[in-house]
Amino acid sequence: KEIFKGCCCLLFSYQGSFLLFFSSDSFYILSKAFLFVKNFFNFFQSYLVAFQQQAYLYYHKLFRLSRIFSILLFAISFLALFTSHKSSAFADWYSSTIYPLFVSSIGRFFGIFQFSVSEIGLYIFVILLFLSLVRMLISSIYKMYAKKKNPAWLGYGSSLLLLCGCLFTIYTFFCGINYGHTSFAEKYHLESGQYTQAELTSLCNELTDQLNALSDSLDRDSDGLADMGKDLQDRARAAMFSLGAAYPELSGYYPQPKGLLFPAFLSVQNLSGIYSPFTIEANYNSAMVSYNLPFTICHELSHLRGFMQEEEANFIGFLACVNADDTAFNYSGYLLGWIYATNELYEADYDTFEEIYNRLSDNVKADLSANSSFWKRYDSKVAEVSGQINDHYLKANGQSNGIKSYDRMVDLMITWFRSK
């Protein structure tokens, strides 16, 4: 019975109370035989009681302070987001002055690692969150049977609130504010406006000609698919750096982009890449059909220059690829541009779309077929829910078209081709 009691006290301990119970049971027998043990035990027990009372007061003071600090973090973050969405001047100043400091320091630090720190951090976070939930449930059961006044979930809730406050603040200053700055199109006078179906058809034909010319000059793997080659991360950084000469807003330091160790995490969500504001990392789905990679990496790197809107990141990725002195990157940019443009043409005029598709070389068709087969494997409820979450997220950040904003890249491409 005494052993069971001691084990229970040890297992369900909270704020040091198990030590008091354990010492009581341990010294009880000895104190009957030795007077000095009894005196020492009485002194030690009174000391522990005083210590426990002070720890209790300190804990509750810390508990109150953590709630105040959490509320303060949320207040500062919401104020910063509100200001950035109401004042593009503030957002422009922040994204061009303050945010680059984080990229060149925090982004540079995490860029040292060859793996995605945000990916590994997410897995560890989920495990720790689960273990802390289990601990909270065990503590709650113990407190319920011990008739303690303060339930364990209060402390757990306070810690969770503080954690959410910290994460939301990091998101705000490493990502959220940038949604409010002046768009890339406005900065470089690429406002699209309306375009005609004839202009859309002309764009699709131009992209088709470029693809057919490039497809025969590319290396191909044993399956006949375009091989983008090695060192894609460094080549993508070079492409973005080169584009910065024409568009100063894109100049500056770019951390190393990272392919996920477990790319299926993105594939099941139908995602080709993701920017992590918590580590300032550009992550991409390394399992995709090869031609997607250069465009996707450049797209994600554009977020590190503060361009968060998806149609702009797509367009910047397109520009970086087609202007690069790299045939593989040219092919990737034109092919992704072709896909977005012909998707619009498919909806507007299917017969014309079919004519343009039939003009593609067999090599290009093989790449498109392989890409379709890849994503079909991941069509599921998870992908559907992920799309809905992404849609709401984009709308909450001022992109009224949600996930359809990716397609607005076509407007920018037509405007860009007009100016050529």
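Three strands form an open sheet in the order E1-E3-E2, with mixed pairing. E1 and E2 stand at the edges and have a single partner strand each, so one side of each is left without a neighbour in the sheet. This description, like everything that follows, rests on a predicted model.

The two pairings of this sheet can be taken in turn. Strand E1 (residues 258-259) runs parallel to E3, and 2 bridges join them. Within this pairing, glycine 259 has tyrosine 284 of E3 as its bridge partner. Strand E2 (residues 273-276) pairs with E3 in the antiparallel sense, over 4 bridges. Here glycine 273 has tyrosine 284 in E3 as its bridge partner, while serine 276 stands opposite glutamate 281 in E3. Tyrosine 284 is thus a bridge partner of glycine 259 and also of glycine 273. As background, strands of a sheet pair through backbone hydrogen bonds, either parallel or antiparallel.

How do the side chains of E3 point, and are they buried or exposed? In this strand (residues 281-284), Glu281 and Asn283 point one way, Ala282 and Tyr284 point the other way, and all are buried. This fits a general pattern: in a regular strand the side chains alternate between the two faces of the sheet. A helix accompanies the strands as well: H11 (residues 292-303) lies across E2 and E3, and runs at about 155° to E3.

The backbone around E2 holds two residues worth a closer look. Most residues other than glycine have a negative phi. Isoleucine 280, which is not a glycine, has a positive phi of about 50°. Isoleucine 280 lies in the loop between E2 and E3, and the hairpin of these strands has 4 residues between them. With a relative accessibility of 0%, isoleucine 280 counts as buried, because buried means under 20%. Asparagine 270 also departs from the usual sign, with a positive phi near 55° in a residue other than glycine. Its place is in the loop between helix H10 (264-267) and E2. Asparagine 270 has a relative accessible area of 35% and is therefore partly exposed, whereas isoleucine 280 is buried.

Beyond the sheet, the protein chain has 17 helices alongside its 3 strands. Helix H14 (residues 350-358) shows how a helix can present two sides. Thr352, Phe353 and Ile356 are buried in H14. Seen down the axis of H14, these buried residues fall within an arc of 105°, so they line one face of the helix. Which residues are exposed on the other side of H14? They are Asp351, Glu355 and Asn358. The buried residues of H14 pack against two helices, H8 (197-215) and H13 (327-348).

Helix H13 appears again in the interior of the protein. The largest nonpolar core has 78 residues, and those with the most contacts inside it are Phe184, Tyr291, Phe315, Phe318 and Tyr331. H13 gives the largest share of this core, 11 residues. Phenylalanine 184 can serve as an example. Setting aside residues up to four places away in sequence, phenylalanine 184 touches Leu190, Tyr247, Leu250, Phe307, Glu312, Phe315, Ile316 and Leu319. One of these, Phe315, is itself among the core residues with the most contacts.

Alanine 80 offers a second example, this time from helix H3 (residues 35-86). Alanine 80 has 9% relative accessibility and so counts as buried. Leaving out neighbours within four places in sequence, its contacts are with Phe90, Thr172, Phe173 and Ile177. Phenylalanine 90 is 10 residues from alanine 80 in sequence, and the two are 9.4 Å apart in space, C-alpha to C-alpha.

Taken over the whole protein chain, buried residues make up 44% of the 420 residues. Among contacts with a separation of 6 or more, 74% are accounted for by residues 24 or more positions apart. How confident is the prediction, and where is pLDDT under 50? The protein chain averages a pLDDT of 82, and 74% of the residues score at least 70. Over residues 1-23, however, pLDDT stays under 50, and for this stretch the model has 25 contacts beyond four places in sequence.

How values were computed: Residues are numbered from 1 along each chain as its sequence is written. This is a predicted model: local features need pLDDT of at least 70, side-chain atom pairs count only at pLDDT 80 or more; totals for chains, interfaces and linings use all residues. Side-chain values use heavy atoms; hydrogens and water are left out. Buried means under 20% relative accessible area, exposed over 50%, partly exposed in between (1.4 Å probe, protein chains only). The arc is that of the directions from the helix axis to the C-beta atoms. Contact means heavy atoms within 4.5 Å. Two strands pair if DSSP finds at least two bridges between them. A nonpolar core is a set of buried Ala, Val, Leu, Ile, Met, Phe, Trp, Tyr and Cys residues joined through side-chain atoms within 4.5 Å. pLDDT is the predictor's confidence in each residue, from 0 to 100. Axes are lines fitted to C-alpha atoms, for helices over the stretch in contact, and angles run from 0 to 180 degrees between N-to-C directions.
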